[in-house]
Amino acid sequence: MCRNKVYLIGAGPGDWELISVKGLKQIRRADVILYDFLAAEELLRFAKKSAEIICVGKQDGMHLLAQRRINQLLYEKAAAGKSVVRLKGGDPFVFSRGIEEALFLRKKGIDLEIIPGITSAFAAPESFGIPLSRRGKFTSLAVLTGRKSNKEKIDAPKADTLIYLMAVANIKQVVEALVASGRSIHTRCAFIEKATTGKERITSGRLSNIIKKAEHYQVRPPAVFVVGEVIKYARLIHAEKFKNR
Ligand SMILES: C[S@@+](CC[C@H](N)C(=O)[O-])C[C@H]1O[C@@H](n2cnc3c(N)ncnc32)[C@H](O)[C@@H]1O
């Protein structure tokens, strides 16, 4: 363990057991832990009794602490000689502000270690038996954001499998972008909510009906939206989880 150091750790997608051995080791040793709502809270029970634990996350769009304040806190705690863990959901560098925190800390001369986590982009489909690629058949994969500011267009690149994060609120625009880019309305797609937790569920369909299905089943964040024929494997690999929805 190093004092004056920040460990930027990916907690994994939801199931706390999906954290890396290396990440857990640093949680056990940390003097201070700053964590997000999406980072499995069960992991906090591994912290030292004396550890200072601070929730800085964001839920339903509401920030507990502004990003600037989080950066500053990380800096202050590390500069005060503490071993600091910054625990983030999924992977700390996948659609996360981990990079902003890392750049800020490096600029201030703070020692930093990035401990990758399992991103929900991969864990959500895989936990329902959906592979991300298959040799000779599905050979390209893209991970995208479904959240853009008003003027920015949603990306819909030509890859066999597309995985959108933060797409629930913008599903209409995502589907429009996919169809406008030439994808058939019969393309398979699925929402996977709260993956790797006791509340996980899948809602699958085609681009033609997924908006209605998402409304009907009240799909809510956090959810990953997967697009591509790889979804067909879910029924073969995890039929019991797939259900008819
Ligand atoms: C700000 S991004 C953070 C992504 C995170 N860094 C990662 O690698 O998973 C938040 C989005 O991740 C996705 N997400 C996170 N946890 C999830 C889960 N357990 N099930 C489904 N989607 C999840 C959702 O799309 C959510 O809106």
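This section describes the ligand shell, the central strands and helix α4, and the nonpolar cores of a predicted model.

The shell around the ligand comprises 25 residues, of which Gly90, Thr119, Ser120, Ala195 and Pro222 come nearest. Two or more residues of this shell are supplied by each of α4 (120-127), β10 (188-193) and β12, and the largest contribution is that of α4, with three residues. By residue class, the shell divides into 14 nonpolar, eight polar and three charged residues. Because domain 1 (5-115) and domain 2 (120-242) both give residues to the shell, the ligand lies between them.

Among the nearest shell residues, proline 222 is located in the loop that connects α6 (210-216) with β12. Proline 222 has 20 C-beta neighbours inside 10 Å and therefore counts as buried. When residues up to four places away in sequence are left aside, the contacts of proline 222 are Leu38, Ser120 and Lys194. Of these contacts, leucine 38 is separated from proline 222 by 184 residues in sequence, yet the two C-alpha atoms are 8.6 Å apart in space. Ser120, another contact of proline 222, is also one of the residues that come nearest to the ligand.

Ser120 belongs to the buried set of helix α4, together with Ala121, Ala123, Ala124, Pro125 and Ser127. Six of the eight residues of α4 are thus buried, so the helix is largely enclosed by the rest of the structure. The buried residues of α4 pack against four strands, namely β8, β9, β10 and β12. Just after the helix, glycine 129 adopts a positive phi of about 80°.

Strand β9 (residues 161-165), one of the strands against which α4 packs, is likewise largely enclosed by the rest of the structure, because five of its five residues are buried. In a regular strand, side chains alternate between the two faces of the sheet. Both faces of β9 are covered, with Thr161, Ile163 and Leu165 buried on one side and Leu162 and Tyr164 buried on the other. Strand β8 (residues 141-145) runs parallel to β9 and is joined to it by five bridges; within this pairing, leucine 162 is the bridge partner of alanine 142. The pairing of β9 with strand β12 (residues 223-227) is antiparallel and extends over four bridges, and here isoleucine 163 stands opposite valine 226.

In soluble globular proteins, nonpolar side chains tend to be buried together. The largest nonpolar core of the model has 37 residues, and those with the most contacts inside it are Tyr164, Ile171, Val174, Ile192, Val224, Phe225 and Val226. At least two residues of this core come from each of α4, β9, α5 (171-180), β10, α6 and β12. The greatest share is provided by β12, with five residues. A second, separate core has 27 residues, including Ile19, Ala40, Ala78 and Ala102.

Within the largest core, phenylalanine 225 is one of the residues with the most contacts. With residues up to four places away in sequence not counted, phenylalanine 225 touches Gly146, Tyr164, Ala167, Ile171, Val174, Cys189 and Phe191. Among these contacts, Tyr164 is buried on one side of β9 together with Leu162. Strand β12 accordingly recurs in each part of this description: β12 gives residues to the ligand shell, pairs with β9 and gives the most to the largest core.

Notes: Residues numbered from 1 in each chain as written. Predicted model: local features only at pLDDT ≥ 70, side-chain atom pairs only at ≥ 80, totals over all residues. Buried ≥ 20, exposed ≤ 12 C-beta atoms within 10 Å, placed from the backbone. Pairing = 2+ DSSP bridges. Near = placed C-beta within 6 Å. Nonpolar A, V, L, I, M, F, W, Y, C, P; charged D, E, K, R; others polar. Domains from an automatic or database assignment. Contact = placed C-beta atoms within 7 Å. Core = buried A, V, L, I, M, F, W, Y, C linked by C-beta atoms within 7 Å.
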